[in-house]
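Trainee: I'd like to learn how to read a structure like this one, feature by feature. Can we go through it together?

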Amino acid sequence: MYIDNLAEIKKVAGYRKFENGECIIEIEKIDFGYLIKGQVKGVIDKLEIFSMPMPDKLLVNNWQSWGPSRVIRKGFKLSFPSELIQKFGFSASVMPEEYFNTLLSDYLIASEDFVIGSLSSKIGHPYFRIEDDKITVMLRYFERNFDDWTDIEPFVVLRLNADIGLPHYADLIAQQKNVKFASSHPLGWSSWYQYFLDFDYEKMMGDLRRSKELGLNYEVFQIDDAWEKDIGDWEPNEKFPSLEKIANDITSYGYVPGIWLAPFSISETSQIFKFHPDWLVKDNNGNPVVAYENWNKKIYALDTTHPEVTKWLSELFKNLKKSGFNYFKIDFLFAAAIQGKRYENVTPIEAYRKGLEIIRKSVGDSFVLGCGAPLLPSVGYVDGMRISADTAPFWDPTGPDIGYPNAYYALRNVITRGFMNNVLWWNDPDCLMLRKEDTQLNDKHRELYTLVSLMLDNMIIQSDNLSYKIDLELWNKVLEYKKYGRRKFKVEGLMDERYKITSAGVNGVDELLISDLSSPTFEMNFDKKRVELTKNVEKRPDGRTFNYYTEPKSQD
C-alpha cells in the first residue's frame with residue numbers, strides 16, 4: 001500500500017490475503033507517533049507493510065556491524081565492486097540476491113522529519129527497499145510456514161528528527177525486550193590492529209610486560225585472530241602454548257584474559273569441514289553454502305540447529321571459560337544467519353539467535369563482544385557490539401564505503417550509531433591506535449577518534465605494539481576521563497553531517513564540534529573540572545578487578 005505522507009499511516013491497517021498466506025496489520029497511537037503491529041499465517045516470504053515518498057536526505061543502515069550507517073541523498077545508487085561480491089557474500093546482506101541490485105536499509109531509516117524502525121528481529125528480517133522516489137517498508141520471512149497466527153516484527157513510526165528520534169527508538173527497543181547487559185565496559189588491549197596474523201606467544205608476553213612498565217592500567221588483555229589452528233578448529237597452533245597457560249599468564253599481570261574466535265564460521269581446510277560436513281548449512285542440492293571468503297579460503301556456516309553442533313558449541317565456550325577466559329570477542333557472527341537448509345525448519349534469523357543463546361548460556365556473566373553481527377537480532381545476547389567497519393592505520397574519505405577497513409568510515413559509524421550505546425549494549429568503536437610510527441594516522445586523527453569514543457562513553461580498547469612510541473598523553477587523557485564513570489551524551493547534526501556531541505558527567509559538560517570529519521576539522525571544549533577523584537583498585541579472590549573512585553578528603 002502506498003501513502004503520500006505519514007499523516008496517512010492509519011490507511012495501512014487492515015486484512016490482506018495473498019497466494020499462500022494472509023496477514024492483519026494494526027496501527028496503534030503512541031507517544032510521538034505510531035506502532036505498527038500485526039499477525040501472519042501461512043507460507044510467508046516477503047511481506048510489504050507500506051510504501052511512501054523518498055525524502056531528499058535519508059539515513060540508512062546496513063544489517064551488521066561493519067556495514068555503513070550513513071546519510072544518502074535522493075538518487076543515490078549503490079556502487080559495489082563486482083570483483084568483491086563473491087568475497088563479501090552474506091557479510092554484505094542476509095539477502096545478497098537483492099542487496100547488490102537494489103538499495104536496502106536494514107532495521108531503520110531516519111530523516112529530518114521522521115524515524116521508522118523495527119523493534120525486534122526474532123523470526124523475520126525487517127528492512128527498507130529504496131527505489132528511485134519510493135521507500136517500501138518490508139519484512140522477510142524466507143518462506144517460513146506459520147500454521148497459526150503469529151505476531152510480526154513490530155515497527156514504530158516516530159514524527160521526530162533523526163537527532164531526537166533515534167535515541168527514543170533505541171529506548172523503545174530496550175523497553176520491549178527488557179534488555180540487560182554488563183553494568184560497565186572494560187578498558188583493554190587487543191593484538192589485531194598491530195600484529196594481525198603475525199602474532200605469537202613471545203609478542204604477547206612482551207606487550208604484557210611493557211603494559212605494566214608504562215602503567216597503562218588495562219582491565220582486559222585480549223588475544224585476537226592468530227592463535228587458532230584454523231577457522232573452526234579452535235585449538236592453539238604451534239605459536240602458542242595451551243589455553244590455560246595463555247590465560248594464566250594474562251591473569252598474572254592483573255588483567256582479565258580475553259580471546260577472539262569466529263564461532264559460526266568453518267573454513268574449507270578445517271577438520272570440522274573434513275569430518276562433519278553434515279554440520280553445515282546446505283543449499284537445495286545438499287551442498288554446503290559458502291558464507292563468504294576470507295583468509296584466502298572459502299568459509300562455510302555452522303548449522304546452529306543441528307543437535308551435534310549445539311553440543312559442540314556449548315562445550316567449546318564452556319571449555320574456554322574453564323581455561324580462564326572471561327572476555328569473548330565473537331566475530332563474523334553473520335555466518336549463522338545465511339540463507340540455506342538446516343536441520344530444523346527455521347528462518348536464518350531464528351538460527352542465528354539460537355546460536356547466540358547457546359554462547360550466552362555457556363559463558364554466563366563473562367563479557368561478550370559481538371562483531372560482524374546482525375544488529376537487531378543480537379540485542380539481549382551481547383554486552384558489547386562493534387558498530388563500525390574495521391578501523392585501520394589510515395584515514396581515507398575517498399575510499400569505498402562498503403564496510404572495508406578505514407578509520408574514517410569507522411568513526412563515521414561510531415557517530416551515526418551512537419544512539420545504541422548504553423541502551424542496547426556498550427558500543428565498541430573499534431580499537432584506538434595510539435602509536436606514532438608504523439601508521440598513516442596523524443595527531444589529529446588519533447585525537448579525534450579518542451575524543452569521540454570518550455565523549456560517547458564507548459568501550460576503549462587499544463591496539464599497539466607497546467615497544468613503539470605511544471601517544472601517552474592521549475592515553476592518560478583516556479584514563480583521566482574514565483575516572484568519572486558513565487556519561488550522558490547527545491549527538492546533533494546527523495543529517496547535516498556537521499556533528500555536535502555534548503557529553504555530561506560528574507566532571508562537567510563537555511562539547512565536541514566536528515565541522516568536517518574528512519579533514520578532520522574539530523573543536524573540543526572541556527568544561528572546568530568540578531570534581532577531582534582518587535582511584536582505588538580492589539582485586540577479588542575470583543580474579544575480577546573492581547575500581548572505586550572517591551573524592552579526596554577536605555583539608556578543612
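Mentor: Sure. Let's begin with the vocabulary: helices and strands here are DSSP runs, numbered from the N terminus. Keep in mind as we go that this is a predicted model.

Trainee: Let's try those labels on one residue. Where does Thr102 sit?

Mentor: Look between α2 (96-99) and β6 (103-106): Thr102 is in the loop there.

Trainee: And is Thr102 buried or exposed?

Mentor: The cut-off for buried is under 20% relative accessible area. Thr102 has 17% relative accessibility, so it counts as buried. Leaving aside neighbours within four places in sequence, its contacts are Arg129, Ile130 and Glu131.

Trainee: Now helices. How do I check the length of α9?

Mentor: The idea is to multiply 1.5 Å by one less than the number of residues. Helix α9 (residues 348-363) has 16 residues and should span 22 Å; the end C-alpha atoms are 23 Å apart, so the two agree. As for its surroundings, α9 is largely enclosed by the rest of the structure, because 13 of its 16 residues are buried. Right after α9 comes Gly364, with a positive phi near 60 degrees.

Trainee: What does that check give for α12?

Mentor: With 13 residues (443-455), α12 should span 18 Å, and its end C-alpha atoms are 18 Å apart, which agrees. Helix α12 is mostly covered too, with ten of its 13 residues buried. Among those buried residues are His445, Arg446, Tyr449 and Val452.

Trainee: What about backbone angles? Which values should catch my eye?

Mentor: Most residues other than glycine have a negative phi, and most peptide bonds are trans. Now for the cases that go the other way. Phe196 has a positive phi, near 50 degrees; this residue lies in the loop between α4 and α5 (201-213). Ala226 also has a positive phi, near 140 degrees, and is found in the loop between β13 (220-223) and β14 (228-230).

Trainee: How do Phe196 and Ala226 come out on accessibility?

Mentor: Phe196 counts as partly exposed, at 33% relative accessibility, whereas Ala226 is buried, at 5%.

Trainee: And where is there a cis peptide bond?

Mentor: Go to the step from Ser519 to Pro520: that bond is cis, with omega near -10 degrees. Pro520 lies in the loop between β27 (508-516) and β28 (521-525).

Trainee: Next, the interior. What's the general idea behind a nonpolar core?

Mentor: In soluble globular proteins, nonpolar side chains tend to be buried together. In this model the largest nonpolar core has 161 residues, and the ones touching the most other members are Leu166, Tyr169, Phe317, Val452 and Leu512. Not counting residues up to four places away in sequence, Tyr169 touches nine residues' worth of partners to explore, including Tyr107, Leu108, Val156 and Phe419. Apart from that core lies another, of 33 residues, with Val12, Cys23, Ile25 and Ile44 among them.

Trainee: Let's turn to pockets. How much volume does the largest pocket have?

Mentor: About 1300 Å³. It is lined by 41 residues, and the closest to its centre are Ser184, His185, Pro186, Glu219 and Thr545. β30 (545-550) is one of the elements that each supply at least two lining residues, as are α6 (243-252) and α13 (472-482). In fact β30 gives the largest share of that lining, four residues. By type, the lining divides into 15 nonpolar, 14 polar and twelve charged residues.

Trainee: Ser184 is on that list. Where is Ser184 found?

Mentor: Ser184 is in the loop between α3 (162-177) and β12 (187-190). With a relative accessible area of 47%, Ser184 is partly exposed. Beyond residues up to four places away in sequence, Ser184 touches Phe367 and Trp426.

Trainee: And how much space lies in the second largest pocket?

Mentor: About 740 Å³. Its lining has 36 residues, with Trp66, Asn294, Phe332, Asp390 and Pro405 the closest to its centre. β18 (290-294) is one of the elements supplying at least two lining residues, and β18 gives the most, with three. That lining splits into 20 nonpolar, eight polar and eight charged residues.

Definitions and conventions
Residues numbered from 1 in each chain as written. Predicted model: local features only at pLDDT ≥ 70, side-chain atom pairs only at ≥ 80, totals over all residues. Heavy atoms only, no water. Buried < 20%, exposed > 50% of the residue type's maximum accessible area, 1.4 Å probe, protein only. Contact = heavy atoms within 4.5 Å. 1 Å grid on protein atoms, 1.4 Å probe; cavity = no way out; pocket = protein on both sides within 12 Å on 5 of 7 lines; lining within 4 Å. Points joined across faces, edges and corners; volume = space filled by probe spheres on them. Nonpolar A, V, L, I, M, F, W, Y, C, P; charged D, E, K, R; others polar. Core = buried A, V, L, I, M, F, W, Y, C linked by side-chain atoms within 4.5 Å.
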